[in-house]
Amino acid sequence: MVFNTETYVEKFMTLLELSVSEAVAAIDAGQITSEELVKAYIKQINTYEESVGAWQHFDEEQALAQAREADLLRKSGAQTGPLQGIPIGIKDIFDTKDYPTEDGTVIHKGRTPAYDAGAVEFLRKAGAIVMGKTVTTEYAYFSPGKTKNPLDPTRTPGGSSSGSAAAVAANMVPLALGTQTNGSVIRPASFCGVVGYKPTTGLISRHRSLLQSLHLDHVGIFARNVGDAALMAESLMQYDPRDPAMKTRMAPNILKLIKEGPLVPPRLAFVKTPAWDQADGDVHDGFTELVNFLGDAVEEIDLTHLLEDVYQWHKIIMEADIAKNFKADYVRSKEAMSPVLCELIERGNSYLAVDYNEAVEHIKALNDAMDEIMSEYDAILTPATTGEAPVGLEATGSPIFCTPWTFCGMPSITLPLLQGSNSMPIGVQLVSEKGDDARLLRTADWLNKLVISQ
């Protein structure tokens with residue numbers, strides 16, 4: 001939905017229709033209050049939460065208290081942040097000092113941290129209102145929580161960031177925080193029809209979030225449009241020495257690049273990946289149509305020789321790391337874990353050190369090869385998922401189209417540009433060179449506008 005920023009406070013415009021940047025501008029100008037905005041989203045939560053189940057912990061009065069404090073801060077003339085007064089959802093694997101953090105498992109039920117996770121700290125400093133904690137799968141792995149897909153409650157919302165994706169899709173919050181170790185941002189965003197963005201490894205702090213794998217864990221963002229995702233990303237991309245993957249570097253000026261737009265039309269590489277035969281007919285037909293529409297802007301390239309072993313490398317690293325990091329809970333409370341998680345931990349314990357170390361070495365080797373390829377393209381064009389959100393709530397769908405890019409730590413984003421035969425969304429994934437997040441989001445914004453304009 002496109003808005004004229006000069007007239008966005010006209011009577012016909014509801015608060016829920018405002019983009020994040022528009023809402024921030026309206027609050028800053030005194031045309032609306034954070035309390036009014038939060039109340040609008042609370043009404044949406046109260047209307048749809050029973051059928052969607054996006055929230056693990058939500059406290060209406062706590063959200064309103066934060067909003068009133070934000071309004072008082074603005075009225076005092078104090079400097080406010082880029083997300084001042086904006087409601088957000090936090091995946092329930094990030095520590096929060098004012099809400100329990102239970103990691104999707106009964107083993108951690110009632111766990112109440114004393115401190116915020118690094119990402120939550122930065123969001124609060126930016127002025128965001130933490131509305132509550134969104135549902136995650138068990139230990140952010142496989143076994144689903146209570147969340148249903150807002151577009152069709154018989155279908156999965158994806159995982160593991162199921163509640164965050166569903167909350168944004170149901171317009172319960174305009175922004176939400178998630179994580180991805182395989183496909184846990186891109187997949188649920190695709191299934192729920194929202195924008196999902198996974199940045200380059202080490203751009204957003206993972207301090208005091210549930211640790212699965214130091215090599216593979218990423219913090220991600222759910223939003224309704226690319227600009228909102230970029231605004232949240234800029235607030236989060238701050239150096240945090242408490243996360244060993246982070247390095248001191250200049251944060252990308254994403255919003256500025258998006259507003260400027262590409263100087264020349266971007267060049268895209270269409271990559272089917274070795275998983276192409278696992279995609280259904282809707283994906284095949286949709287990408288054939290999209291590639292034909294893009295014409296000379298896209299070129300198909302075959303990366304099978306580079307990517308065919310990445311799934312096994314990723315599996316070894318992820319499962320061995322989870323076995324190590326979840327060992328204490330497994331030893332103490334195995335009976336409270338799902339069979340599928342116990343099986344993963346047991347496989348993880350069986351890998352040889354030499355196989356693990358070789359898999360880790362392939363991360364740099366594959367990135368070196370991808371850097372050379374990406375010097376010719378602005379982004380890779382590839383599916384986000386194998387198709388529409390599957391019917392049934394017992395599983396969360398396949399992450400196979402996300403695996404190579406998560407393994408490399410390359411930035412990726414999914415846009416809800418395609419529709420399947422059951423009128424459910426299918427995401428179009430764009431991937432850029434590691435560290436080139438600003439160009440990725442600029443390209444995503446360009447593609448989104450190009451497709452929607454037709």
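## A pocket to start with

Let's begin with a pocket, the second largest one: 27 residues line it, and those nearest its centre are Tyr-141, Asn-182, His-314, Met-318 and Pro-399. Two elements, β4 (175-180) and α11, each give two or more residues to this lining. Helix α11 supplies the largest share, with 5 residues. Keep in mind as you look around that this is a predicted model.

How much space lies in this pocket? The second largest pocket holds about 420 Å³. Sorted by class, its lining has 15 polar residues, 7 nonpolar ones and 5 charged ones.

## Stepping back to the whole protein

Now zoom out. The protein has 16 helices and 11 strands. Its radius of gyration is 21 Å, close to the 22 Å that the globule rule gives for 454 residues, so the protein is as compact as a globular protein of that length. If you follow the C-alpha trace along its principal axes, it spans about 60 × 60 × 45 Å.

What percentage of the 454 residues is buried? Buried residues make up 60% of them. The chain also brings together residues that sit far along the sequence from each other: among contacts between residues at least 6 apart in sequence, 77% join residues at least 24 apart.

## The nonpolar core

Here is a bit of background: in soluble globular proteins, nonpolar side chains tend to be buried together. In this model, the largest nonpolar core has 143 residues, and the members touching the most others are Met-131, Met-370, Leu-381, Ile-413, Leu-430 and Leu-447. The element that gives the most to this core is helix α11 (residues 310-325), with 9 residues. You have met α11 already, as the helix with the largest share of the pocket lining.

Take Met-131 as a case to look at up close. Leaving out residues up to four places away in sequence, Met-131 touches a set that includes Val-38, Tyr-41, Ile-42 and Ile-45. Also among its contacts are Trp-55, Phe-58, Asp-59 and Ala-63. The rest of the list is Pro-87, Ile-88, Tyr-99 and Val-173.

## Glu-319, a residue on α11

Helix α11 is also the place of Glu-319. Is Glu-319 buried or exposed? Its relative accessible area is 3%, under the 20% cut-off, so Glu-319 counts as buried.

Which residues does Glu-319 touch, not counting those up to four places away in sequence? They are Leu-344, Arg-347, Gly-348 and Tyr-351. For a sense of distance, pick out Glu-60: it lies 259 residues from Glu-319 along the chain, and their C-alpha atoms are separated by 38 Å.

## Empty space inside

Rolling a probe the size of a water molecule over the atoms shows where empty space is left. In this structure there are 2 cavities of 30 Å³ or more. The largest has about 70 Å³ of space. Its lining is made up of Ile-93, Ala-140, Thr-179, Thr-181, Arg-206, Ser-209, Leu-210, Gln-212, Asp-217 and His-218. By class, that comes to 5 polar, 3 nonpolar and 2 charged residues.

The second largest cavity has about 50 Å³ of space. Among the residues lining it are Pro-199, Thr-200, Thr-201, Gly-202, Leu-203 and Ile-204. Arg-206, Asp-217 and His-218 appear in the linings of both cavities. By class, the lining of the second largest cavity has 5 nonpolar, 4 polar and 3 charged residues.

## Backbone oddities

Most residues other than glycine have a negative phi, and most peptide bonds are trans. A few spots in this model go the other way. A cis peptide bond joins Gly-159 and Ser-160, with omega about 5 degrees. Ser-160 lies in the loop between β3 (129-134) and α5 (162-169). Tyr-139 lies in the loop between β3 and α5 as well, and its phi is positive, near 50 degrees. With a relative accessible area of 0%, Tyr-139 is buried.

Ser-423 has a positive phi too, near 65 degrees. You can find Ser-423 in the loop between β10 (412-419) and β11 (425-431). Is Ser-423 buried or exposed? Its relative accessibility is 52%, and over 50% counts as exposed, so Ser-423 is exposed.

How values were computed
Residues numbered from 1 in each chain as written. Predicted model: local features only at pLDDT ≥ 70, side-chain atom pairs only at ≥ 80, totals over all residues. Heavy atoms only, no water. Core = buried A, V, L, I, M, F, W, Y, C linked by side-chain atoms within 4.5 Å. Buried < 20%, exposed > 50% of the residue type's maximum accessible area, 1.4 Å probe, protein only. Helix = DSSP H or I, 4+ residues; strand = E, 2+ residues; numbered from the N terminus. Contact = heavy atoms within 4.5 Å. 1 Å grid on protein atoms, 1.4 Å probe; cavity = no way out; pocket = protein on both sides within 12 Å on 5 of 7 lines; lining within 4 Å. Points joined across faces, edges and corners; volume = space filled by probe spheres on them. Nonpolar A, V, L, I, M, F, W, Y, C, P; charged D, E, K, R; others polar. Rg over C-alpha atoms; globule rule 2.2 N^0.38 Å.
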